[in-house]
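Me: I should like to go through this model slowly, asking at each step what justifies the term that is used. Please set each value against its criterion before you conclude.

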Amino acid sequence: MNIQMPLIILFLFLLFSTATLGNSRTLSSDRAKDYNNWVSWNVEKYRKETELMEADQMMAKAKGSRSTSANNKEIDARLRKAELNKMSVSVSQDRSGDFATITDALNSIPSHNTRRVTLIIRPGVYREKVLIPRSLPFVTFLGDASEPPTITGNDTASLPGKDGMPLRTFESATVAVEADYFVAVSVKFENTAPHRVGNHGEQAVAIRISGSKAAFYNCSFYGAQDTLYDHKGLHYFNNCFIQGSVDFIFGYGRSLYEKCQLNSTAKKVASLTAQKRTNASMASGFSFKDSVVAGTGQVYLGRAWGDYSRVVLSYTFMDNIVLPQGWSDWGDQTRHLKVYYGEYKCSGPGANLSLRVPWSRALTDEEAKPFIGTYFIEGDTWLISPY
Ligand SMILES: *[C@@H]1O[C@H](CO)[C@@H](O)[C@H](O)[C@H]1NC(C)=O
Ligand SMILES: *[C@@H]1O[C@H](CO)[C@@H](O)[C@H](O)[C@H]1NC(C)=O
Ligand SMILES: *[C@@H]1O[C@H](CO)[C@@H](O)[C@H](O)[C@H]1NC(C)=O
Ligand SMILES: *[C@@H]1O[C@H](CO)[C@@H](O)[C@H](O)[C@H]1NC(C)=O
Ligand SMILES: *[C@@H]1O[C@H](CO)[C@@H](O)[C@H](O)[C@H]1NC(C)=O
């Protein structure tokens with residue numbers, strides 16, 4: 001239709017001009033105006049359709065080759081089936097529920113689970129190191145909206161593990177989600193280990209999300225260095241609060257953060273994100289939309305952990321803690337041509353673009369488009385109501 005449109009216009013134009021050739025001088029000015037309006041409406045419509053098509057192609061390209069549509073359809077069927085058969089169990093520390101710990105509740109779910117299992121977690125502070133293994137998909141943590149449960153820990157990267165070797169950042173997480181289709185609503189994830197500037201091995205992750213198609217609503221994430229390990233996969237965050245000091249959102253997930261608050265507790269200079277897209281064909285990046293950046297210290301919006309690090313902020317309020325230059329290459333200038341750091345329609349004293357590093361981008365409408373909807377994370381194939 002897009003290809004035919006100019007031909008149709010041309011055909012109608014010829015028809016019209018032939019029909020009116022004989023008395024073109026008597027063509028009333030009204031009719032001429034109508035005709036011109038009609039042509040320009042069509043041209044405009046055609047232009048819009050072409051733009052949309054190009055945006056679609058761009059998104060298809062961004063999706064990469066791994067996720068074929070056949071693949072998606074299969075996964076959708078699994079999800080639909082899991083939602084049709086959902087069940088719930090309760091977790092309560094006063095033993096009034098089905099289980100007293102989150103770990104016990106998870107252990108009750110059969111391996112290679114095929115149905116949605118909602119853990120209704122009653123208020124309380126759960127000092128547990130929680131692992132949701134790959135074999136437990138479709139788990140939901142549902143907290144109490146007025147008094148969200150806290151899952152807390154204080155492991156750090158340098159702490160010796162069971163084998164006597166340091167845990168490293170990866171194993172420091174209080175909660176590790178390795179399964180797909182995880183959902184959390186009204187839960188507080190926490191790692192209380194402090195961060196002292198200049199010390200090493202203090203990475204202390206509150207949550208690591210290594211599974212794909214995970215969604216978080218009304219959750220909070222508290223930590224210092226490396227709070228939210230957005231490791232890999234497609235992730236969605238809505239109305240969440242995320243606090244930390246250094247690189248507190250990091251990894252190579254492809255994630256959309258909507259209506260989230262990023263609260264820096266940095267004392268000196270730090271970075272909000274360390275996005276690790278390492279090559280140009282990786283469909284990975286963090287997009288923050290309708291969010292707020294505030295807190296203390298002086299922060300870069302991102303520093304390039306990977307050569308092709310990709311972060312976009314749109315419609316986001318930035319307080320004056322954001323450094324005027326905005327972005328850091330982490331000491332490697334070859335990254336200037338490779339990273340993708342963009343801002344679009346942000347506001348507040350930290351959003352002034354005039355002193356930004358020249359290799360960051362003030363995005364046009366077209367450039368921003370792929371990042372500012374749930375399609376950025378292929379949401380239409382898996383993002384469903386959490387209840
Ligand atoms: C971590 O928490 C445990 C239990 O509350 C406590 O004994 C330990 O001292 C804490 N470690 C650090 C480094 O804060
Ligand atoms: C999150 O909280 C808001 C109120 O702040 C509420 O309207 C909304 O329903 C909650 N979302 C979920 C998924 O519970
Ligand atoms: C944000 O962090 C600051 C410390 O940097 C703290 O004082 C403030 O209470 C935090 N904001 C919220 C909303 O918790
Ligand atoms: C890009 O990175 C991904 C993930 O590490 C890897 O699987 C892929 O092979 C890489 N592609 C190229 C062209 O290096
Ligand atoms: C942005 O920063 C520049 C340079 O510091 C300054 O001249 C300009 O007034 C600022 N713009 C706004 C809207 O604050």
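What follows is a series of questions and replies on a predicted model.

Me: Why is aspartate 247 called buried?

Reply: The criterion asks for 20 or more other C-beta atoms within 10 Å of the residue's own. Aspartate 247 has 24 C-beta neighbours inside 10 Å, and therefore it counts as buried. For the chain as a whole, 42% of the 387 residues fall into the buried class.

Me: Where does aspartate 247 lie with respect to the strands, and which residues does aspartate 247 touch?

Reply: Aspartate 247 sits in the loop that runs between strand 15 (241-244) and strand 16 (249-251). Leaving aside residues up to four places away in sequence, aspartate 247 touches Gln225, Asp226, Ser271, Thr273 and Ala274. The UniProt record, an unreviewed entry, places the feature "active site" at Asp247, and such annotations may be inferred rather than shown by experiment.

Me: What makes the shell around ligand 3 a shell of 4 polar residues?

Reply: The residues around ligand 3 are Asn263, Thr265, Gly295 and Thr296. In the classification used here Gly counts among the polar residues, and the shell around ligand 3 accordingly has 4 polar residues, with no nonpolar and no charged ones. Strand 18 (261-275) and strand 20 (292-304) each supply at least two residues of this shell.

Me: How are the residues around ligand 2 and ligand 4 divided by class?

Reply: Ligand 2 has Val185, Tyr217, Asn218, Asn239 and Pro386 around it. Val, Tyr and Pro count as nonpolar, and the shell around ligand 2 divides into 3 nonpolar, 2 polar and no charged residues. Around ligand 4 stand Thr278, Asn279, Ser281 and Met282, and Met counts as nonpolar, in keeping with a division into 1 nonpolar, 3 polar and no charged residues.

Me: How do you know that strand 2 and strand 5 pair?

Reply: Pairing requires at least two bridges between the strands, and strand 2 (residues 117-121) and strand 5 (residues 139-142) are joined by 4 bridges in the parallel sense. Within this pair, threonine 118 stands opposite threonine 140 in strand 5.

Me: To which sheet do these strands belong, and what makes a strand an edge strand?

Reply: The chain has 6 helices and 25 strands, and an open sheet of 11 strands, with parallel pairing, follows the order 1-2-5-8-11-14-17-19-21-24-25. Strand 1 (87-91) and strand 25 (361-362) each pair on one side only, and they are the edge strands.

Technical notes
Residues are numbered from 1 along each chain as its sequence is written. Chains are lettered from A and ligands numbered from 1 in the order in which they are written. This is a predicted model: local features need pLDDT of at least 70, side-chain atom pairs count only at pLDDT 80 or more; totals for chains, interfaces and linings use all residues. A residue is near a molecule or strand if its C-beta atom, placed from the backbone, lies within 6 Å of it. A residue is buried if 20 or more other C-beta atoms lie within 10 Å of its own, exposed if 12 or fewer, and partly exposed in between; C-beta atoms are placed from the backbone. Two residues are in contact if their C-beta atoms, placed from the backbone, lie within 7 Å.
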